[in-house]
Amino acid sequence: MASTAPLRPRARPAHTQGSTHCAYTPDGSKLVTVGSNNTIRLYKTGFDGEPINIDDCQEQNVSVDASNEFFVVGSEDGTVSLYSIPDATFDKFLLRCSLPIRDVALSPDSKWCAVASDELTVKLVRTDDNTQIRHLNEHNKPTKHLAFDTKGATATLACSDGIVYVYSLTSDEPELINKVDGVIAALETESEVSSKIAWHPDGRAFAVPTPTRDIQVVSKNDWEKQRAFANGHNGDVTALAWSPNGAILASAGKDKKILLWETKTQSVIARLDYANVIDIAWHPRDNLVSFTNSDGEVYIHPDFVPEQFAPLLKLGKQPAPFIHDPLSEIGRRPLETRPPPIRQRRDSAGSYDSLMDGALPEDDDFVIDDDGAGYVINGNGKRMHHDLDGFGEPLSKRPHIEPEYHEAFQPGSTPWRGNRKYLCLNLIGFVWTVDQDGHNTVTVEFYDHEFHRDFHFTDTFLYDKACLTENGTLFSCPPKDDTPATIFYRPHETWTSRTDWRTQLPKGEAVLAMSLSDSFVTVTTTANYVRVYTLFGIPYRVYRPKSTPMVTCASWRDYVWTVGNGPVGADGHTRLLYTIENAKRDEMCQNEDTVALPDGATLKSIFFSDNGDPCIYDSTGTLLTLLHWRQPSRASWIPLLDTKLLPRLASGRKTETYFPIAVADGKFHCIILKGGDQYPYFPRPLLSEFDFSIPLTSEPPKPKKKAPNPDAMDQDGTPEPDADDDDESETRRLEQQYLLKGIEAAQLQDLVESSSSSSGNSAQRSGLARLELEIDKTLLQFLAVECREGEDRGMRALELVRLMRDRTGRMVEAAGKIAERYGRTILGEKIREVGEVRAGGGEDEDEDF
């Protein structure tokens with residue numbers, strides 16, 4: 001319930017009727033007010049007498065911002081003036097514009113002043129050197145309001161076209177990085193209705209008035225709508241400002257009210273009757289607020305926040321009101337990095353002290369360390385200086401390293417962006433949810449509508465993770481209050497009336513990541529347990545892995561793959577360890593092996609390919625697969641694609657990243673992200689696919705022309721490639737083809753050796769034979785290229801023949817014919833020798849010593 005207002009302060013007639021504005025200095029010592037007359041007033045905080053007047057100023061002043069040493073004022077005559085606070089005098093004109101000024105703002109360090117006018121360009125001028133000017137000119141309409149974020153890294157502009165433009169100021173040339181549309185109203189620059197941008201003190205969001213008389217919070221990372229302060233004003237909003245700690249929002253409207261909102265609940269805690277208010281300024285420390293109105297009056301209001309809510313101002317910095325705060329989400333924040341408890345070290349079994357039953361006996365009367373010089377011998381029979389630790393090093397120089405754990409994540413999901421979130425994205429379909437304030441709406445859509453129908457439902461459990469397969473959909477929700485975390489499985493088809501099941505985790509335990517296969521449901525939790533269920537909810541296995549805290553998991557058929565934090569490296573970051581086991585046969589394939597990540601890189605996603613091979617995608621943009629993973633201690637990580645080396649990025653003019661989806665049909669399926677995005681958003685983007693390309697060279701392959709012409713130029717003005725370039729490109733293509741087919745053959749060979757089905761094994765062996773034949777054909781094409789290069793490439797050509805897998809002699813015979821065709825007689829003889837050795841049952845490779 002809204003509180004009653006405190007005693008009403010007197011109105012101070014500071015200026016003539018018209019636009020009147022105010023600002024406190026950062027230290028709170030003075031309040032500056034400007035108005036339509038040619039007088040500026042400086043009120044000393046805590047002093048109720050007459051203010052200091054500055055008469056040497058412009059008229060029709062419409063904006064002011066202050067630092068501790070100076071303040072800047074914008075006027076309708078197009079000038080921006082700088083005034084000294086200690087001297088209370090005009091200092092200089094900072095900038096002149098051809099059209100009226102509408103707003104000014106100082107950067108947090110007070111080194112830059114942003115100026116908005118009726119001109120289309122916003123100017124940033126250096127306060128100590130007004131010859132240094134930057135221009136923000138990628139918007140199309142005049143700017144009504146502008147503001148820096150709390151770090152001064154971005155400038156946000158509220159323009160008269162109803163769009164908020166966001167510029168990055170981290171480089172010398174400001175860059176437009178986003179447009180936030182559909183939030184503020186399209187207003188004339190001279191309108192009394194406000195579209196002011198008020199950054200929350202924590203720097204993660206800003207608030208702006210909306211056309212519906214509400215106040216909308218917009219987050220910085222994704223520029224999406226968050227919580228709203230709604231149903232408060234009955235007239236358009238004319239002013240707003242956050243308290244210094246962000247716990248309270250003050251707003252004024254044409255309904256002749258000033259409202260105080262509690263940030264945490266977005267509820268009105270006080271209503272004050274003040275008409276025509278157009279600017280509000282909070283004192284940096286005290287429960288003191290000043291505001292101005294269009295009658296030229298200034299109010300200095302002590303005890304502005306009612307007594308029962310005044311403790312809110314004494315709190316530390318409060319978080320901005322997010323729908324789903326990323327700082328509080330399970331699995332989306334780094335785990336706590338507490339230093340491990342120090343274990344007291346007992347005497348070593350063979351140490352001198354242990355053999356002698358303790359330290360050497362000492363004479364208690366021998367010496368007293370009365371000057372702290374280290375004469376006294378410690379309990380281990382050693383003399384130590386009081387400033388040294390157990391390693392003999394100064395205590396002040398001992399480094400204290402806290403381990404940095406890899407955060408947990410759910411593969412194929414995205415964090416909340418506004419009120420929407422993808423719970424799962426894969427090649428089967430996608431699952432997404434919408435926060436409806438009190439409940440969610442979950443939608444499951446499929447790519448193939450012939451086999452499955454889309455469905456959606458009202459979600460009162462607030463599911464935040466999901467998995468989708470051809471058999472069913474798995475959901476989980478976090479614990480809340482006394483309600484434990486819940487796992488919910490819904491099969492797509494069943495022959496019984498009971499179609500789904502739900503189970504709860506122990507109280508206080510939450511889901512970090514989960515996976516769904518044709519056989520099992522796998523769940524990793526905050527209690528460092530891996531819980532395995534059958535598809536219909538029967539608990540199958542519960543165990544605690546060796547590597548904790550857990551990071552993520554994946555599964556395929558009977559195989560369960562878990563990843564956790566392992567030992568801490570020299571850089572303070574943990575090394576990720578993975579385990580793959582066959583849950584049904586209780587066989588360990590890989591036990592606590594290392595996930596191959598470069599220094600500083602993080603894991604972005606893990607998944608099994610369509611053929612059942614483990615794959616990872618890391619923050620460097622590299623896709624890797626695990627070879628020989630079914631054989632203990634033989635697994636190795638093989639790069640399949642480095643997205644930074646894609647030909648589409650070779651020009652350097654395009655910047656994009658990729659959200660991994662799956663590996664299927666020998667391709668990498670992903671979503672292309674542009675504009676610095678890290679996750680896909682709505683509307684649902686299209687899937688893209690890229691062929692594998694093992695990183696062998698950073699040079700992109702050159703295009704091959706149909707009709708080479710040495711005098712022709714391509715579109716970029718470079719000569720067309722000649723025959724040598726064609727051969728080089730063909731060589732790189734064949735190298736890629738040979739390596740990729742070799743990886744595919746090795747994976748298929750492992751599958752054949754582990755398969756227990758005779759029918760499946762027969763089909764797999766036939767496929768392996770065809771694949772080995774394709775490898776040999778690739779080597780034959782490679783051999784032809786080498787033969788064209790000349791006789792000096794003979795050794796390399798002979799090596800290609802020795803790499804052939806065929807033992808019937810047909811491929812070696814074909815290689816000999818290729819050598820004869822190009823007139824490589826000596827090479828042909830060498831190839832025949834290789835064929836004779838193989839025909840005799842021997843090997844042409846060197847024997848081991």
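**Notebook: disulfides, fold, one sheet and backbone details**

I looked for disulfides, defined as pairs of cysteine sulfur atoms within 2.5 Å, and the count came to zero. I then checked the cover of two cysteines. C159 is buried at 1% relative accessibility, and C589 is also buried, with a relative accessible area of 6%. For these classes I took buried as under 20% relative accessible area, exposed as over 50% and partly exposed as in between, with a 1.4 Å probe and protein chains only.

I note the basis of the entries. The model is predicted: local features need pLDDT of at least 70, side-chain atom pairs count only at pLDDT 80 or more, and totals for chains, interfaces and linings use all residues. Residues are numbered from 1 along each chain as its sequence is written, and side-chain values use heavy atoms, with hydrogens and water left out.

**Entry: the whole chain**

I recorded six helices and 51 strands for the chain. Helices (H or I, at least four residues) and strands (E, at least two) are DSSP runs, numbered from the N terminus. The chain has 849 residues, of which 51% count as buried. I looked up contacts, meaning heavy atoms within 4.5 Å. Among contacts with a separation of 6 or more, 47% link residues 24 or more positions apart. The exposed area is about 42,900 Å², and carbon and sulfur atoms supply 49% of it. Accessible areas come from the Shrake-Rupley method with a 1.4 Å probe; for residues, only the protein chains shown count as cover.

**Entry: an open sheet and R213**

I followed one open sheet of four strands, ordered β18-β19-β20-β21 with antiparallel pairing. β18 (198-199) and β21 (225-229) are its edges; each has a single partner strand, so one side of each has no neighbour in the sheet. Two strands pair if DSSP finds at least two bridges between them. For β19 and β20 I found antiparallel pairing over five bridges. A205 stands opposite S219 in β20.

R213 sits in the loop between β19 (205-209) and β20 (215-219). Its phi is positive, near 70 degrees, although R213 is a residue other than glycine. R213 is partly exposed, at 35% relative accessible area.

**Entry: D665**

I found a second positive phi at D665, about 55 degrees, and this residue is not a glycine. D665 lies in the loop between β49 (656-664) and β50. With 66% relative accessibility, D665 counts as exposed.

**Entry: cis peptide bonds**

I looked up two cis bonds that lead into proline. The bond from T548 to P549 is cis, with omega near -5 degrees. P549 is in the loop between β40 (539-543) and β41 (550-556). A cis bond also joins F682 and P683, with omega about 0 degrees. P683 falls in the loop between β50 (667-674) and β51 (688-691).

**Entry: a nonpolar surface patch**

I noted a nonpolar surface patch formed by L427, Y447 and L687, with about 220 Å² of accessible area together. Patches are made of residues with over 30% relative accessible area and no salt bridge; like charges are joined within 9 Å, and nonpolar side chains (Val, Leu, Ile, Met, Phe, Trp, Tyr) within 5 Å. A salt bridge is a side-chain nitrogen of Lys or Arg within 4 Å of a carboxyl oxygen of Asp or Glu. Y447 is located in the loop between β31 (440-446) and β32 (455-459). At 33% relative accessibility, Y447 is partly exposed.
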